[in-house]
Amino acid sequence: MTLDLDAYFARIGWSGEPGPTVEVLRSVHRAHMLGIPFENLEPLLDGAPSLALPDLERKLVRDGRGGYCYEHNTLLAAALAQLGFRVTLLTARVVLGAAPGDVRPRTHMLMRVDVEGEPIPWVADVGFGSHGALLEPIPLVVDAELLDTPRRHRLVHAPHDGPLEMWELQTDKGGYWEPQYEFTLEPFEAPDYEVINWHIATNPRSPFRQAVYAQRTLPGRHLALSGRTLVVTADDGAVEERELSDSAEVLRVLAEDFGVRLPEGTALPG
């Protein structure tokens with residue numbers, strides 16, 4: 001199956017001349033980030049979400065839902081491949097929030113994108129559920145800095161004992177660079193993500209099984225919902241935080257603020 005690109009572009013609000021160019025890559029990436037929310041409702045309520053393209057198109061494009069990294073990046077990878085980009089799927093180890101000495105498994109999906117005629121590949125990722133996520137792809141160059149306004153990112157090499165170079169994505173936190181995740185350029189395939197997806201969505205110790213988790217980047221602000229805690233971060237760094245009263249308010253905020261439309265009668269745990 002191929003993705004309905006017209007429906008996808010309408011969902012993310014993108015209009016332009018389709019083609020495998022750097023400008024299209026940048027603008028589609030940003031439009032996807034602004035157009036489709038990050039949310040874990042399916043792992044929380046129903047188990048592992050399908051990564052089949054028809055199911056992703058129905059859920060994220062036509063049904064007004066979001067998803068987590070495997071869903072977002074599988075969808076973007078399909079769109080980019082149809083536009084003529086060369087896409088290589090990668091997997092990262094999230095280091096954001098890890099304690100010193102912690103070694104987390106590689107569970108985050110991202111991708112390398114090659115543009116014909118361009119000597120430098122790009123790292124694209126529309127599925128990192130964090131305020132430090134990329135808004136636009138970043139050149140795969142050591143110490144390269146990206147001003148993806150209002151954010152700033154860079155790639156550095158991290159210490160590593162393996163045979164492949166370890167890359168680390170960092171985001172500018174107003175005076176220091178905060179590590180987000182680390183990855184090598186080893187290609188991964190769809191069956192690899194089926195295994196990882198099942199583990200993350202069904203393991204009772206997975207954070208995505210514990211509480212509602214949603215993110216939405218909008219012009220001027222970023223929304224983050226964890227359980228019943230809603231954090232709104234303005235582009236100038238101002239932060240507002242409040243506790244939602246109950247599950248009914250969580251569902252209302254998901255629908256009205258995050259744009260996540262859930263089936264009638266959905267009941268959240270707790």
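These are my notebook entries on a predicted model, taken element by element.

**Entry: the sheet**

I began with the strands. I found 8 of them in an open sheet, ordered 5-4-3-2-9-8-7-6, with antiparallel pairing. At the edges sit strand 5 (138-139) and strand 6 (145-148), each of which pairs on one side only.

Next I went through some of the pairings. Strand 2 and strand 3 run antiparallel and are joined by 8 bridges; across that pairing, A92 stands opposite H108 in strand 3. Strand 3 continues to strand 4 over 3 bridges, again in the antiparallel sense, and there M111 has A124 in strand 4 as its bridge partner. From strand 4 (residues 122-124), 2 bridges lead to strand 5, also antiparallel. I noted W122 here, whose bridge partner in strand 5 is P139.

How many residues of strand 3 are buried? I get 7 of its 9, so strand 3 is largely enclosed by the rest of the structure.

**Entry: two helices on the sheet**

Which strands does helix 2 lie across? Helix 2 (residues 22-35) lies across strand 3 (106-114), strand 4 and strand 6, and runs at about 20° to strand 4. Helix 5 lies across strand 2 (86-94), strand 3 and strand 4, at about 15° to strand 3.

I then looked at the two helices together. Their axes are 12 Å apart, and helix 2 and helix 5 pack at an angle of about 150°. With angles over 145 degrees counted as roughly antiparallel, helix 2 and helix 5 are therefore roughly antiparallel to each other. I logged the crossing of helix 2 and helix 5 as right-handed. Where they meet, helix 2 brings V24, L25, V28, H29 and H32, while helix 5 brings H72, L75, L76, L80 and L83.

**Entry: the cores**

The largest nonpolar core holds 62 residues, and Y8, Y70, Y181 and F183 have the most contacts inside it. Which helix gives the largest share of this core? Helix 5 (residues 69-83) does, with 9 residues. A second core lies apart from this one; I counted 15 residues there, including L230, L254, F258 and V260. As a reminder to myself, nonpolar side chains tend to be buried together in soluble globular proteins.

Y8 was worth a closer look. Beyond residues up to four places away in sequence, Y8 touches L3, V28, H32, V61, L75, L76 and A79. Of these, V28 and H32 also appear on the helix 2 side of the helix 2 and helix 5 contact, with L75 and L76 on the helix 5 side.

**Entry: F183**

I placed F183 in strand 9 (residues 177-183). Is F183 buried or exposed? F183 counts as buried because its relative accessibility is 0%. Leaving aside neighbours within four places in sequence, its contacts are L90, T91, A92, L110, V123, L140, L155, E165, M166 and W167. I also checked F183 against L56: they are 127 residues apart along the chain, and their C-alpha atoms are separated by 25 Å.

**Entry: R209**

My last stop was the loop between helix 6 (190-202) and strand 10 (213-218), where R209 lies. R209 has a relative accessible area of 32%, so I have it down as partly exposed. Not counting residues up to four places away in sequence, R209 touches P43, L44, G47, I200, A201, T202, N203 and P204. I also looked up R209 with L41: they are 168 residues apart in sequence, yet 9.0 Å apart in space, C-alpha to C-alpha.

Notes:
Residues numbered from 1 in each chain as written. Predicted model: local features only at pLDDT ≥ 70, side-chain atom pairs only at ≥ 80, totals over all residues. Heavy atoms only, no water. Core = buried A, V, L, I, M, F, W, Y, C linked by side-chain atoms within 4.5 Å. Buried < 20%, exposed > 50% of the residue type's maximum accessible area, 1.4 Å probe, protein only. Helix = DSSP H or I, 4+ residues; strand = E, 2+ residues; numbered from the N terminus. Contact = heavy atoms within 4.5 Å. Pairing = 2+ DSSP bridges. Axes fitted to C-alpha atoms, helices over the stretch in contact; angles between N-to-C directions. Parallel < 35°, antiparallel > 145°, perpendicular 65-115°, else oblique. Left-handed = near helix turned anticlockwise from the far one by under 90°.
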